[in-house]
Amino acid sequence: MSETKIFHFSVDDTIECFKDINTNNYNTIFQNPTFAWFKDLHEKFGVVISCYVYYQDGEFALSDCTDRYRNEFASNEEWLRFGFHTLDKKTVYDKTDIYADYVKTMKELIRIVGSGSIDHVIRLQGFQGNSENIEDLVDSEIEPIVGLLTSDDGRDNYYLSEEQNNYIYCHDILYDDTLDINLISTDIRIEYLDSTDYKFKEFETAAWNNQLDILEIFSHEWILNVDEMNKVEEFCRFAAEHEYRSVFYEEMFL
């Protein structure tokens, strides 16, 4: 892995933007406010962004979404990509099989955004998924994953042992040679922060030793109000000023 510092921004529970572009017959996806904001972040700070999606929410599913913007998504795949999160807001994969939901979601995403816009390092709902589930995704015949993002709050992650959970919480990255997958720690949940200035000062202390080479921040689509968006922008500015490189993690692994 490169010694260059890495910054990445991701958004969970993504589906409203697809519902919006399906409804409004825009000339461009960037008439959607969320996609427009993403583009602004990219143009200002060089940020790349991953959206981890629901397959369905209420009466709307990805299968309902138009594919008329596929070429436009493809033309922006160098900085905007989409990966699996869960079937819907109620589904976690601690005991439930995942593979059918994953394949169904990938097929629709490929139709809507193109295969080049698929992110193969993902964050599963609740950081849950047993080893059999994760192995199914690693070995998938369609868009196999190469990495998982772990929790920001010290909870147990997926199938990891206590020792592995402790390691990933104190370090940025863990390679599991059994499943041939990389796990990357999530650092900051934007909506939990009262002050970005306080967090930036905290970065200068020993509490963040070994944890700043890869800086992963995230939020959720439904919570991105003006205050949360401003906090995200402050982190993007911090990363640019401290010479972080913003890349998709799979580019470090493949």
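Biologist: Is C236 buried or exposed?

Modeller: This is a predicted model, and every value I quote is computed from it. C236 counts as buried because its relative accessible area is 1%, and the cut-off for that class is under 20%. C51 is likewise buried, with a relative accessible area of 0%.

Biologist: How many disulfides does a search of the whole structure find?

Modeller: The general idea comes first. A disulfide is a covalent bond between the sulfur atoms of two cysteines. In this structure, the search finds zero disulfides.

Biologist: Why is there no bond at C51 or at C236?

Modeller: The closest cysteine sulfur to that of C51 belongs to C17, and because the two are 5.9 Å apart, they are too far for a bond. For C236, the closest cysteine sulfur is that of C51; the separation is 13 Å, so this pair is also too far for a bond.

Biologist: Let us turn to the strands. Which strands pair with strand 1?

Modeller: Strand 1 covers residues 6–14. Its pairing with strand 11, residues 214–220, is parallel and runs over seven bridges. Within that pairing, V11 stands opposite S219. Strand 2, residues 49–54, is joined to strand 1 by four bridges, and the two run parallel. There, the bridge partner of T14 is V53 in strand 2. Two bridges join strand 1 to strand 12, residues 245–246, again in parallel, with I6 opposite R245.

Biologist: How many of the residues of strand 1 are buried?

Modeller: Nine of the nine are buried, so strand 1 is largely enclosed by the rest of the structure.

Biologist: What is the strand order in the open sheet of four strands?

Modeller: The order is 6-7-9-8, and the pairing is mixed. Strand 6 and strand 8 are the edge strands, each pairing on one side only. Strand 6 and strand 7, residues 147–150, pair in the parallel sense over two bridges, and the bridge partner of V121 is G147 in strand 7. Strand 8 and strand 9, in contrast, are antiparallel, with four bridges between them; here I173 stands opposite I184 of strand 9.

Biologist: How many residues lie between strand 8 and strand 9 in their hairpin?

Modeller: There are four residues between them, and D180 in the turn has a positive phi of about 55°. The faces of strand 8 can be read as well: L174 and D176 form the covered face, whereas I173 and Y175 form the uncovered one.

Biologist: I should next like to read the loops. Where is G129 placed?

Modeller: G129 is in the loop between strand 6, residues 121–122, and helix 5, residues 131–138. Because its relative accessibility is 3%, G129 counts as buried. If neighbours within four places in sequence are left aside, G129 is in contact with Y93, D94, I134, Y158 and Y159. The C-alpha atoms of G129 and N157 are 8.1 Å apart, although 28 residues separate the two along the chain.

Biologist: And where is G154 found?

Modeller: G154 is found in the loop between strand 7 and helix 6, residues 162–170. G154 is partly exposed, with a relative accessible area of 42%. Its C-alpha lies 9.9 Å from that of T186, which is 32 residues away in sequence.

Biologist: Finally, how is empty space read, and how many cavities of 30 Å³ or more does the structure hold?

Modeller: Rolling a probe the size of a water molecule over the atoms shows where empty space is left. In this structure there is one cavity of 30 Å³ or more, and the largest cavity holds about 40 Å³. Its lining includes G154, N157 and S185. Helix 6 gives the most to that lining, with three residues. By class, the lining divides into two nonpolar, six polar and one charged.

Biologist: Which residues lie nearest the centre of the largest pocket?

Modeller: They are D152, D187, I188, K199 and W208, out of 15 lining residues. Strand 10, residues 188–189, and helix 7, residues 196–202, are the elements that give two or more residues to this lining. The space in the largest pocket is about 220 Å³, and the lining has six nonpolar, three polar and six charged residues.

Key:
Residues numbered from 1 in each chain as written. Predicted model: local features only at pLDDT ≥ 70, side-chain atom pairs only at ≥ 80, totals over all residues. Heavy atoms only, no water. Buried < 20%, exposed > 50% of the residue type's maximum accessible area, 1.4 Å probe, protein only. Contact = heavy atoms within 4.5 Å. 1 Å grid on protein atoms, 1.4 Å probe; cavity = no way out; pocket = protein on both sides within 12 Å on 5 of 7 lines; lining within 4 Å. Points joined across faces, edges and corners; volume = space filled by probe spheres on them. Nonpolar A, V, L, I, M, F, W, Y, C, P; charged D, E, K, R; others polar. Pairing = 2+ DSSP bridges. Disulfide = S-S within 2.5 Å.
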